[in-house]
Amino acid sequence: MKITFLGTGTSQGIPIIGSTHPVCLSKNPKDKRLRVSVLIEWDEYKYVIDCGPDFRQQMLRENCSKIDGIIFTHEHSDHVAGLDDIRPLCYWNGSMNIYAHERVIKSIKKRYDYIFEAENKYPGAPDVVINVIENKPFKLPEMEVVPINADHHFVQVFGFRFQDFAYLTDIKTVEANEIEKLKDIKVLVVNALRITPHISHFNLEEALDFINLIKPEKAYLTHISHLLGFHDNVEKELPKNVFLAYDGLKITL
Ligand SMILES: [Zn+2]
Ligand SMILES: [Zn+2]
């Protein structure tokens with residue numbers, strides 16, 4: 001399995017438009033973060049988790065012209081706002097499978113009503129096949145995916161386990177029985193927004209406590225705000241099996 005971090009930034013990305021914060025002005029490419037998403041590849045299959053407003057740029061950067069499906073964590077704009085940009089992928093490969101909680105599908109239908117038009121649908125509009133997911137394992141080709149239910153303040157959010165890899169973003173609390181699903185994981189990705197606490201996201205301390213609880217071989221932090229600090233400075237202070245993800249980072253399991 002190969003994982004590519006398509007984006008590792010929080011909702012506004014880094015730099016933030018107009019910001020003069022030193023991290024936003026940093027010349028280090030690792031301090032430039034598009035909105036969060038990962039590409040997961042196994043055999044000949046390619047899936048992405050979330051499809052944010054930087055999706056087009058991410059597909060171009062990774063030279064990706066085929067995606068077998070999009071799995072959504074939740075309906076916030078930084079995770080769904082790239083959906084119109086699947087048009088060329090539909091043109092090349094046909095309809096796109098989307099996997100999401102029923103509530104998230106409802107939200108996507110509201111935002112992108114023209115995609116779901118039954119009559120007189122505009123010919124160039126994206127073509128999607130809806131797959132509703134619940135909090136139980138579901139099948140992709142040659143792969144079982146286990147959803148991990150979590151809370152993002154008052155919004156329900158799914159993390160996903162693919163064999164020895166798990167990806168959780170935009171989480172603030174996870175119940176003990178859901179944490180059980182992460183047992184014996186090798187690589188864990190989890191969100192760490194900034195140093196100070198936040199109402200709906202793990203801060204760095206909460207993310208490290210969570211990692212300590214799960215004890216993966218390696219952990220990567222994502223959904224990062226400029227307020228976490230410079231990439232190189234923060235990474236130096238992390239435990240030896242914990243890393244800051246950055247855009248374009250690839251890992252193989
Ligand atoms: Zn987010
Ligand atoms: Zn969110």
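1. Is cysteine 51 buried or exposed? Cysteine 51 is buried, its relative accessible area being 0%, where buried stands for under 20% relative accessible area, exposed for over 50% and partly exposed for the range in between, with a 1.4 Å probe and protein chains only. Cysteine 90, at a relative accessibility of 12%, likewise counts as buried.

2. Some notes on the basis of what follows. This is a predicted model, in which local features need pLDDT of at least 70 and side-chain atom pairs count only at pLDDT 80 or more, while totals for chains, interfaces and linings use all residues. Residues are numbered from 1 along each chain as its sequence is written, chains are lettered from A and ligands numbered from 1 in the order in which they are written, and side-chain values use heavy atoms, with hydrogens and water left out.

3. On the cysteines, zero disulfides are found in a search of the whole structure, a disulfide being a pair of cysteine sulfur atoms within 2.5 Å. The cysteine sulfur closest to that of cysteine 51 belongs to cysteine 90 and is 10 Å away, which is too far for a bond.

4. The zinc ion (ligand 1) has as its protein donors Asp78 (OD), His79 (NE2), Asp170 (OD) and His223 (NE2), at 2.1 to 2.2 Å; donors are N, O and S atoms within 2.8 Å of the metal (3.2 Å for Na, K and Ca), and since water is not among the atoms, sites may look incomplete. The arrangement is irregular because the four donor atoms subtend angles of 92 to 165 degrees. For that term, four donors count as tetrahedral if all angles lie between 85 and 135 degrees, while four count as square planar and six as octahedral if opposite donors are over 155 degrees apart and all others between 65 and 115, anything else being irregular.

5. Along the chain, the donors of the zinc ion (ligand 1) are spaced D-H-x90-D-x52-H. Aspartate 78 lies in helix H3 (residues 77-80) and histidine 223 in the loop between strand E12 (218-222) and helix H8 (231-236), so this pair ties together parts that are 145 residues apart in sequence. Helices (H or I, at least four residues) and strands (E, at least two) are DSSP runs, numbered from the N terminus. Aspartate 78 and histidine 223 are both buried.

6. For the zinc ion (ligand 2), the protein donors are His74 (NE2), His76 (ND1), His152 (NE2) and Asp170 (OD), lying 2.2 to 2.4 Å from the ion, and this site is irregular too, with angles of 91 to 172 degrees among its four donor atoms. Aspartate 170 bridges this ion and the zinc ion (ligand 1), and the two ions lie 3.4 Å apart. Both histidine 74 and aspartate 170 are buried.

7. Lysine 172, in the loop between strand E10 (165-168) and H6, is buried with a relative accessible area of 18%. Its side chain reaches the backbone oxygen of histidine 198 at 2.8 Å and makes a polar contact with the side chain of glutamate 206 at 2.9 Å. A polar contact is a pair of N or O atoms within 3.5 Å; within protein, one must be able to donate a hydrogen and the other to accept it, and residues adjacent in sequence count only if both atoms are side-chain atoms.

8. Lysine 181 lies in the loop between helix H6 (176-179) and strand E11 (187-191) and is partly exposed, at 23% relative accessible area. The side chain of lysine 181 reaches the backbone oxygen of proline 147 at 2.9 Å.
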